[in-house]
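Thanks for coming. I will take one strand and its neighbours, then turn to the pockets. Please have the structure open.

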Amino acid sequence: MVGCLAPGLALAVGGPANAADEKVTFTVALRNEVDSFNPFLGILVPSFEAWALTYDYMIGYDNADMEPTKTGLATDWEPSEDGLTWTFDIRDGVKWSDGEDLTAADIAYTYSRIIDGGPEASTWGSYLTEVESATAPDAQTVVLELKKPNASLPLLPIPIVPEHIWKNVSEKAVKTYTAEPKNGKPVVGSGPFRLVEGTAGGSTYRFEANPDYWKGAPHIDEVVFRVYKADDPAAQALIKGEVDFVENLPAVQIAALKDKPGITALNGASPGFEEIAFNTGAVDTETGKPMGDGKPALKDPAFRHALGYAIDYDAILDRVYQGAGEVGQTIIPPAYQDFHWAPSGDDAFSYDPERAGQMLDDAGYTKGDDGLRTMPNGDPIGTIRLYARSESPTSLDTMNFFKEWLVDLGIKAEVKAYEDNNLTSIILEGNYDAFAWGWFVEPDPGSMLSYMTCGQLGGWSDSWYCDKEYDAMYAQQATEMDREARAEIVKKMQQKLYEDSPYLVTMYDVIGEAFRSDKFACLQPQPEPDGVLIMQYGVSSYLSIRPAEDAGDCDGLTSGTEATAGGSSEGLSTGAMIGIGVAAGVVVVGGAVVAMRRRRTVGDRE
């Protein structure tokens, strides 16, 4: 059964619910902007949210256990016995927002652009690994032909674009194609909403409901995203009724909002992590020559790994995240129990500066007379630049703590904050030493693991990590159809990443959310029952949400937890107690599933 947040009490704070004859607008306060409406270019989560509103996907997924469902454009699918041919049945009667028919040819066209290996492959190529061709033998059939089995199928969380629009966008032009409204015309898509206003990097984006959506028109007339650069203004806007939903709030804000009438606030379990990432050696992907100005010491796995014992992870949890989260370890969160690997005993990172110092000594990074450590050849290490995200207080606080711990080890460090887009450019140019950011991780590990492969240099890789042994294991797991055997390979990959330490994973996430439960109801948590309400895999909340006064029983969508105005239910929010460990009891992953999420907003670079 699909869960939902039932209507709260209709209180007067922020104004009454919308009258029946008025436009119903659901306004969301974002903590970061959309970086591209082009589904082949963006990397931030608001971009993925915008694509999900605008476009359809071939495969759906279940809110409860995140298993693939036949609720997307595909009504059925069947792999051949050898796993080299996948046939998908595509539903009839779906139309693009300009009235053109959406057929299997549009899906095959979208996938073919990715298979061809152009810019489109950077974002979505990992899902079509080993796929040689995507064809549409008729209007309701898509066929994928593979060189080798693909363990991630049927997971294909790729927005389907209209061929009759995109055929005019060349491979060269796609790098600058905005996919934004022009001359008053909305973006052509097949999703439940149409983008009618907004430009990447702007402060406001407006989506109007698609009245002809094949699943049925949404219960609201439009969704508006507004970008706020700080937590307090976003929270105040919610209290004043200027916005209806705020995502990614810190725990202290969630605690304060729980006492406000007309507002439900919660910490939703989220399968993501935060990390300190290092420049392990940026290179020009065309020439293979070193690029950027990263410090040489950070190219050494021994140096990076030693720093893992210089971090007080409990202090970060308590003082940066106010206890809302779980100390991190590796890049596949424990929510995904089958694939998660964790170090044990003395191998596990803990705050042990003496051990960190001894490991640096053993690796040749000894202290000079001035108390500063040097390179093994005696050269200065230099000042390690720690880059934070100006939109993210947790990012900045983490790096300020890290700076002090490095100084205690005899390593100079400085902290500087950048806006997300600027930091992304700096990373791709290799002009950094370390930064703090994070990722959402989908239940199938293939995509997250792919970001650490050599093939992602200059693309999704942000640490410039490249290791042939790791790449060989990645290729092996990608075609291993036995789930247990694949899980063992995935765990070995995590162990290697842990030992090489391109990332030091600091935290597993929860996400603070708050909404006007006196005005809106029927939001669906994902995963059920303790998950997030938006920024999900798909758009279930946007399709089910409606004015509280009109909610009734949410069309029979019921949940074991009833949210009330002025706070959140026990089942949906236990403050700092909800973490990814809670989600582990909810997410039951049976195979390759659900749509991809990238960097989150304030806490991530999705």
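How many bridges join β14 to strand β16, and do they run parallel or antiparallel? There are 2 bridges between β14 and β16, which spans residues 434–440, and the two strands run parallel. Before I go on, note that this is a predicted model.

One of the partners to look at is Y387, which has F435 as its bridge partner in β16. β14 also pairs with β15, residues 413–418. Here 6 bridges join the strands, and they too run parallel. For R389, the bridge partner in β15 is Y418.

The connection between β14 and β15 involves helix α10, residues 393–408. Together, β14, α10 and β15 make a β-α-β unit, and that unit is right-handed.

Now the surroundings of β14 itself. The strand covers residues 384–389, and 6 of its 6 residues are buried. In a regular strand, side chains alternate between the two faces of the sheet. On one side of β14 we have I384, L386 and A388, and on the other R385, Y387 and R389. Both faces are covered, with each of those residues buried. Note that the second set includes R385 and R389.

On to the pockets. The largest pocket holds about 950 Å³ of space. It is lined by 35 residues, and those closest to its centre are A121, S122, Q456, G459 and W460.

Which helix gives the most to the lining of the largest pocket? That is α11, with 4 residues. α11 spans 420–429, and at least two lining residues each also come from α2 (104–115), α3 (120–124) and α13 (468–479). By residue type, the lining of this largest pocket divides into 17 polar, 13 nonpolar and 5 charged.

The second largest pocket has about 620 Å³ of space. Its lining has 31 residues, with T71, K215, V539, S540 and L543 closest to the centre. Two elements, β2 (60–61) and α15 (540–544), give two or more residues to this lining. Of the elements, α15 gives the most, with 3 residues. The lining of the second largest pocket divides into 15 nonpolar, 11 polar and 5 charged residues.

To recap, β14 has both faces covered and pairs in parallel with β15 and with β16. As for the pockets, α11 gives the most to the lining of the largest, and α15 gives the most to that of the second largest. That is all I have.

How values were computed:
Residues are numbered from 1 along each chain as its sequence is written. This is a predicted model: local features need pLDDT of at least 70, side-chain atom pairs count only at pLDDT 80 or more; totals for chains, interfaces and linings use all residues. Side-chain values use heavy atoms; hydrogens and water are left out. Buried means under 20% relative accessible area, exposed over 50%, partly exposed in between (1.4 Å probe, protein chains only). Two strands pair if DSSP finds at least two bridges between them. A crossover is right-handed if, with the strands pointing away from the viewer, the path from the first strand over the helix to the second runs clockwise. On a 1 Å grid over the protein atoms alone, a cavity is a set of points where a 1.4 Å probe fits but cannot get out, and a pocket is an open set with protein on both sides within 12 Å along at least five of seven lines; lining residues have an atom within 4 Å of a point. Grid points are joined across faces, edges and corners, and a volume is the space filled by probe spheres set on the points. Ala, Val, Leu, Ile, Met, Phe, Trp, Tyr, Cys and Pro count as nonpolar, Asp, Glu, Lys and Arg as charged, and the others, Gly among them, as polar.
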